[in-house]
Amino acid sequence: MLEIKNLHVKLEDEDKAILKGLDLKVEAGKVHAIMGPNGSGKSTLSYVLSGRDGYEVTDGSATLDGEDLLELEAEERAALGIFLAFQYPVEIPGVGNMTFLRTAVNAQRKARGEEELSATDFLKEVRAKAKSLKIDADMLKRPVNVGFSGGEKKRNEILQMAMLEPKMCILDETDSGLDVDAMKLVSEGVNALRDEGRGFLVITHYQRLLDHIKPDVVHILANGRIVKTGGPELALEVENNGYADILAEVE
Ligand code: ADP
Ligand code: MG
Ligand code: MG
C-alpha cells in the first residue's frame, strides 16, 4: 500500500541531507514500527509523507496504492487517506473541536466523491468514538487542543483519526509525554482502528508503546535510512541493548 523507494530528502533552505536512500513498504492490514536514535530522520519521514513544507525531495519515490504522493498537496494526500498524528498536536484557538472534526470529515468525503454526513449522523458517530477514548462532551466543544493536557491532545488526535478513517495512519511519537493510563487509551484507540484495509506506521522511541500496539514489523532508522528490519523482537533488543550494537553490526 505505502511504498517508499530510495527516498532522499534535504531541508529546503539548507544543504542538509536528512533522508539518504530510505526504502520502506507497508502492506495493508499491517502495523510497522519505526525506532531509531534522536535526529535520525523519523519525524522528517512523517512530515515528507504528509506533505509539510520546508523539505525537498531530491531523489526517490513514495506512493500510496500506486499514486505518487510527492506530487500532491497536503490536503490531497489527506483525501487519499494519509493521516499524520503529530508528536506535538497543534492548538487552533477560535475553532471548536466539533466544528473542526465535522469540517475535516466532510472535506474528506467531498474529495472522495461521497455525500456529507448529516448533522445527526455526525453527532452520533463523534459521540460514540469520543466516549471510547474517554473524551468528554466538554472537550468536544472547546477550541481544538487549546488548554488540553498532553494526554488529552493525543487522545484527540486519535479521535480525529477514528473519524477520518484513513488508509495509512502515521503516528509520530504519539507516546511521548503520556502517562501509562493515557498510553493505554491511545493504544486501544489505535487497536480499534486496525483493519485489513489500513496500514500503520508507528514511530516510537520506546518498546513500551509496542507492548500495547503489537507491531508486525519493526524497522530501525539511522542516519536517514532503514538499516535493519525484523519482528517485534527487534524492539526488545533495542530496549535492552540500545542502538549501539545494531549500528555497529550494520556498519
Ligand atoms: P527524529 O525525529 O528521528 O529525531 P528529525 O527528523 O526530527 O529526527 O530530524 C533529523 C535531522 O534533521 C536532525 O538533525 C534535525 O536537527 C534536522 N532537522 C529536521 N528538520 C529541521 C529543520 N526544519 N531545521 C533544521 N534542522 C532540521
Ligand atoms: Mg526528534
Ligand atoms: Mg522526531
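This passage describes a four-stranded sheet, the shell around ligand 1 and helix H3 in a predicted model. Residues are numbered from 1 along each chain as its sequence is written, and chains are lettered from A and ligands numbered from 1 in the order in which they are written. In this predicted model, local features need pLDDT of at least 70 and side-chain atom pairs count only at pLDDT 80 or more, while totals for chains, interfaces and linings use all residues.

Helices (H or I, at least four residues) and strands (E, at least two) are DSSP runs, numbered from the N terminus. Two strands pair if DSSP finds at least two bridges between them. Four strands form an open antiparallel sheet, in the order S2-S1-S4-S5. Strand S2 (17–26) and strand S5 (67–68) are at the edges with a single partner strand each, so one side of each has no neighbour in the sheet. Strand S1 (residues 2–11) pairs with S2 over seven bridges. Leu7 faces Leu22 in S2. Five residues make up the hairpin between S1 and S2. S1 also pairs with S4, over eight bridges. Here Leu11 has Tyr55 of S4 as its bridge partner. Strand S4 (residues 55–64) in turn pairs with S5 over two bridges. Thr63 is opposite Asp68 in S5.

Leu11 also belongs to the shell around ligand 1. A residue counts as near a molecule if its C-beta atom, placed from the backbone, lies within 6 Å of it. The shell further includes Ile18, Gly36, Asn38 and Gly39, as well as Lys42, Ser43 and Thr44. Helix H1 (residues 42–50) gives the most, with three residues. By class, the shell has two nonpolar, eight polar and one charged residues. In this scheme Ala, Val, Leu, Ile, Met, Phe, Trp, Tyr, Cys and Pro are nonpolar, Asp, Glu, Lys and Arg are charged, and the others, Gly among them, are polar.

Helix H3 (residues 97–111) has 15 residues. Asn97, Leu101 and Gln108 of H3 are buried (20 or more other C-beta atoms within 10 Å of their own, with C-beta atoms placed from the backbone). They lie on the same side of H3, because they cover an arc of only 40° around the axis (taken from the directions from the helix axis to the C-beta atoms). On the other side, Thr103 and Lys110 are exposed (12 or fewer such atoms). Gly113 follows H3 and has a positive phi, near 75°.

Conventions. The expected span of a helix is 1.5 Å times one less than its number of residues.
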